[in-house]
Amino acid sequence: MKSFFLRRILSALPLLLLISFINFLVIETSPGNPLLRVIRRPSDYSKEQMVALRAEYGLDDPIIIRYGKWLGRIAHGDLGFSYSTRQPVLEEIGDYLPNTLILMGTAFTVIIILSLTLGVYSASHKYSHMDTIMTSLSYLGQSIPSYWLGILLIFLFHNILANPFTGQPLLPIGGVSPWGEEASFLDRIRHLILPVAALSLERTACYARFIRASMLDILSQDYILAAHARGIRRKRILFFHALRNALPPFVTTMALDLPGIVAGALFVEVVFSWPGIGRLFYNAAKLRDYPILIAITMLIAIAVVLFNLLADLANSLLDPRVRLEVPAKGD
């Protein structure tokens, strides 16, 4: 297993290098004078000073040389400085990353729990009234984008539903804590409810349908019918035999869908003013803060590779039939 993961990591390195080069190429070949990204008032600089600045930033070197120098700085943990705040990119990301991890971690937990619960229930109560209702709601959930759902939730909890005694909204609709106040644990939970709901509903509806379809296919297999014939309890068949075999493709699908979930988090963070990586990326895109953009893009690419490795590991633990080691020749 160790050799398998080592091979996967080594095979991912060329892909990450390609992504980094494409990002660097897009930035360096973008229209306009590249010096305007790092100096605020060009009129304050003479022609000689501008020439010296070009030499200082290596803008006269061929692009492949500039990429090599940039890659060398990245290898030493130097992600550069933000053009807009003049702060190290690593510190900027470090300030926003915890909030994104909290949001996505909570959303992932909700997605997994609800998807498995709803999918297994629908499969075990096939064509019942509740299954029909849940199927209809899942189609509705899949058709509503996360950012649009976020806007609807804000309208609902800010303009329609309110506390009858204070007139305040039932749930906070922005930020991570009350404005100007230190947030308690309960405050953070309340601020998480709407963003998590907006981010998780679409994926929950999709994955619940996926689990239902996988479970129905497995429940029709001969070995499941044989288990029923041997008198094994229905719950044991449902969870130990059927669900266990339905989990590997579910885990793989979630890992491959990570970029879509991250993209959804970007829009949700903007809609709810959630100070996370998505909002940082949005602000950096508006200001053309390229060091921030390329750092976040590389962070997402690395996360995708790691999630796929974790999915392979989870599949090997869930299904003993999955062999991670490549058999030797002659076996």
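Start by selecting Met-130 in this predicted model. Its relative accessibility is 41%, so Met-130 counts as partly exposed; the partly exposed range lies between under 20% for buried and over 50% for exposed. Met-130 sits in helix α5.

**Stop 1: the patch around Met-130**

Keep Met-130 selected and add Tyr-121, Ile-133, Leu-137 and Leu-140. Together these five form a nonpolar surface patch of about 470 Å². Which helix gives the most to this patch? Colour residues 129-142 and you have it: that is helix α5, which supplies 4 residues.

**Stop 2: zoom out**

Now show the whole chain as a cartoon. How many helices and strands does the chain have? Count along and you should get 12 helices and 0 strands. Reading from the N terminus, the elements go α-α-α-α-α-α-α-α-α-α-α-α. The chain has 331 residues, and 37% of them are buried.

**Stop 3: two helices that cross**

Select residues 89-124, which is helix α4, and residues 185-219, which is helix α7. These two pack at an angle of about 35°, and their axes are 5 Å apart. Is the crossing of α4 and α7 left-handed or right-handed? Turn the view until one helix is in front of the other: the crossing is right-handed. The residues in this contact divide into 20 nonpolar, 7 polar and 3 charged.

**Stop 4: two residues of α7**

Stay with helix α7 and pick Thr-204, which is found there. Buried or exposed? Thr-204 has a relative accessible area of 7%, so it is buried, the limit for that label being under 20%. Next, draw a distance from the C-alpha of Thr-204 to the C-alpha of Phe-108: you should read 9.5 Å, although the two are 96 residues apart along the chain.

Do the same with Glu-202, also in helix α7. Glu-202 has a relative accessible area of 23%, so this residue counts as partly exposed. Its partner for the distance is Ile-111: the C-alpha atoms are 9.2 Å apart in space, while the residues are 91 apart in sequence.

**Stop 5: the salt bridge**

Show the side chains of Arg-212 and Asp-131. They meet in a salt bridge, with 2.8 Å from N to O. This pair links distant parts of the chain, with Arg-212 in helix α7 and Asp-131 in helix α5, 81 residues apart. Are Arg-212 and Asp-131 buried or exposed? Both of them are buried. The count of salt bridges comes to 1.

**Stop 6: two loop residues with positive phi**

Here is some background for the last stop. Most residues other than glycine have a negative phi.

Go to the loop between α4 and α5 and select Tyr-127. What is the phi of Tyr-127 near? The value is near 65°, which is positive in a residue other than glycine. Turn on the surface as well: at 68% relative accessibility, Tyr-127 counts as exposed.

Then move along to the loop between α10 (258-271) and α11 (277-287), where Ser-273 lies. Ser-273 is another non-glycine residue with a positive phi, near 55°. With a relative accessible area of 37%, Ser-273 is partly exposed.

How values were computed:
Residues numbered from 1 in each chain as written. Predicted model: local features only at pLDDT ≥ 70, side-chain atom pairs only at ≥ 80, totals over all residues. Heavy atoms only, no water. Patch = residues over 30% accessible without salt bridge, like charges linked within 9 Å, V, L, I, M, F, W, Y side chains within 5 Å. Areas by Shrake-Rupley, 256 points an atom, 1.4 Å probe, with all protein chains shown as cover. Salt bridge = Lys/Arg side-chain N within 4 Å of Asp/Glu carboxyl O. Buried < 20%, exposed > 50% of the residue type's maximum accessible area, 1.4 Å probe, protein only. Axes fitted to C-alpha atoms, helices over the stretch in contact; angles between N-to-C directions. Left-handed = near helix turned anticlockwise from the far one by under 90°. Nonpolar A, V, L, I, M, F, W, Y, C, P; charged D, E, K, R; others polar.
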